[in-house]
Amino acid sequence: MAKSRKQTKYVSGFYQVCRLARQGKENELRELPRHLITVAPVVNDKTPVMLLAEEGNDEAVELLIRKLYASLNDAVEGYARKENVAKVNELLARGASKNRAIYGYASAGFTELTYSLLGKNDKNDETYHHAIWGFAYAGLKQEAANLLEARDDEVMLKYLVRGLAAVGKDQDVAIWRDTGVDMAHAIFEYAKRGRVDKINELLLHDGRLNQAMEAYAFAGNVAAVKDLQGRGADIGVALMGYARAGRIDNVIDLLKQGVDRKWAIQGFARAGLIDCVNAMISDSDEAARAGAGYLDDDQFDTPQSFLRTLALTSNEDLYSHIVAGLQTVDRNIPDKKNLLKQAARLARIMKEYHLDYEQALALQTKGMRVWLQQGRHSNPPLPQDVVNLIAAKTAGLSTEDMKVIEKAVTLNTNHGAREIIKEKYRPGFFNRWFGWGEPPKVLHKKERKALAALQKRYQSDEKRIGIKA
């Protein structure tokens, strides 16, 4: 009964999130337990944001991603499954995983779109692994064979077998098993789907208890988890599986039993659940496990995904572990040092201005602060709605987003004035005082007049938006 109640609660939470997101009820979504949004329960291999993306409900998807930090990667996979190329490209530019987009295209049978995203340089390119996994899932044997011919390696075969196991191609799985292919991924897929018969068969052949343990936990099969624990599997791996799937009740149960919480942190990181990772990390060892989790599940396969995760990460130890870890794995992330600095700036902007990631990124656009604050003071003056519209087109956001950004910049009067002067007048000089109290008393006449004029405008702005000057 306990298992049934938890499973019913889990599925109910999935559909409740979908319903409220479709209705645009942000406040009601925020009143739900936080994990229902950030962890996103999985039903039929889909999370709420993935299902909404498949439906083409862009407003609901944006609400969950922008305001409640649902997974960008889940959304891009959902759009790819429905051949929504424009949204896939948009999310890739915003930091979504290219691997997940490729899997989405391939698993839905869109071969040309899949090939359009494949890499061409590295023999063990992860994009090819996700492509063959998707083609096998879709039953496209010839396409899978073509990829094997182009990139024949052991990991390719593991992903091929994973796709076959996911759709119940048991005879094909058995053939590859007898040739010596690693069955770890196949075990995971069978366990997710409750295929106890196949699990026992593969465990006898391969002895992969922990892979089955994680997958059973991911699928919420508590009885199977306890059975494997009795056979010697690591209960910590089950905690990681529960965390990856957002089964918070099960996570809490194991934490109360004293299971090392680092397993849960690693599971949240593997699912790309930044909010949960930030909430749980309390020391350097836990940060190290989170970093390992991000790297395990290919969270960083583009510079944009690297930037987004770091900007949303609130722990300095985790920063260092991620950067150090990336030196030991092959990722197409050029100029990591510069991206790290940019991520720190974005994190500061989000905190100081109370903006979400996309809004902070737009505010970083060259000249954006100057335009938002000076556009209406041009000669002839432009209405603020026009200023915001032009800014929105430039940044690729909505005019509502630009209103939020403009208001945030305006409210921080002195900070906004310094930003404009820093950008317009002798940047090197103003770096010494920018952001740290009052400007120096000795200014050039031109700069004194500019600062006084800007401060006067900001006082007027404060009155315009209803704040006492």
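## Confidence, core and buried residues

In this predicted model, the protein has a mean pLDDT of 79, and 76% of its residues reach 70 or more. Two stretches fall under that picture of confidence and deserve care when the model is read. Over residues 424–443 the pLDDT stays under 50, although the model gives this stretch 33 contacts beyond four places in sequence. Residues 458–469 likewise have a pLDDT below 50, with 22 contacts in the model beyond near neighbours in sequence.

The largest nonpolar core has 124 residues, among which Leu-29, Leu-64, Phe-268 and Ile-405 touch the most other members. Helix α18, which spans residues 235–245, gives the most to this core, contributing 8 residues. For Ile-405, once its neighbours within four places in sequence are left aside, the contacts are Leu-355, Gln-359, Ala-362, Leu-363, Leu-372 and Leu-397.

Another residue to follow is His-129, which lies in helix α10, a helix covering residues 126–138. Because its relative accessible area is 5%, His-129 counts as buried. The C-alpha atom of His-129 is separated by 8.5 Å from that of Leu-157, a residue 28 residues apart from it along the chain.

The structure holds 0 disulfides. Two cysteines are listed below together with His-129, each with its relative accessible area.

| Residue | Relative accessible area | State |
|---|---|---|
| Cys-18 | 0% | buried |
| Cys-276 | 11% | buried |
| His-129 | 5% | buried |

Cys-276, at 11%, is buried because the cut-off for that state is under 20% relative accessible area.

Technical notes
Residues numbered from 1 in each chain as written. Predicted model: local features only at pLDDT ≥ 70, side-chain atom pairs only at ≥ 80, totals over all residues. Heavy atoms only, no water. pLDDT = per-residue confidence, 0-100. Contact = heavy atoms within 4.5 Å. Core = buried A, V, L, I, M, F, W, Y, C linked by side-chain atoms within 4.5 Å. Buried < 20%, exposed > 50% of the residue type's maximum accessible area, 1.4 Å probe, protein only. Helix = DSSP H or I, 4+ residues; strand = E, 2+ residues; numbered from the N terminus. Disulfide = S-S within 2.5 Å.
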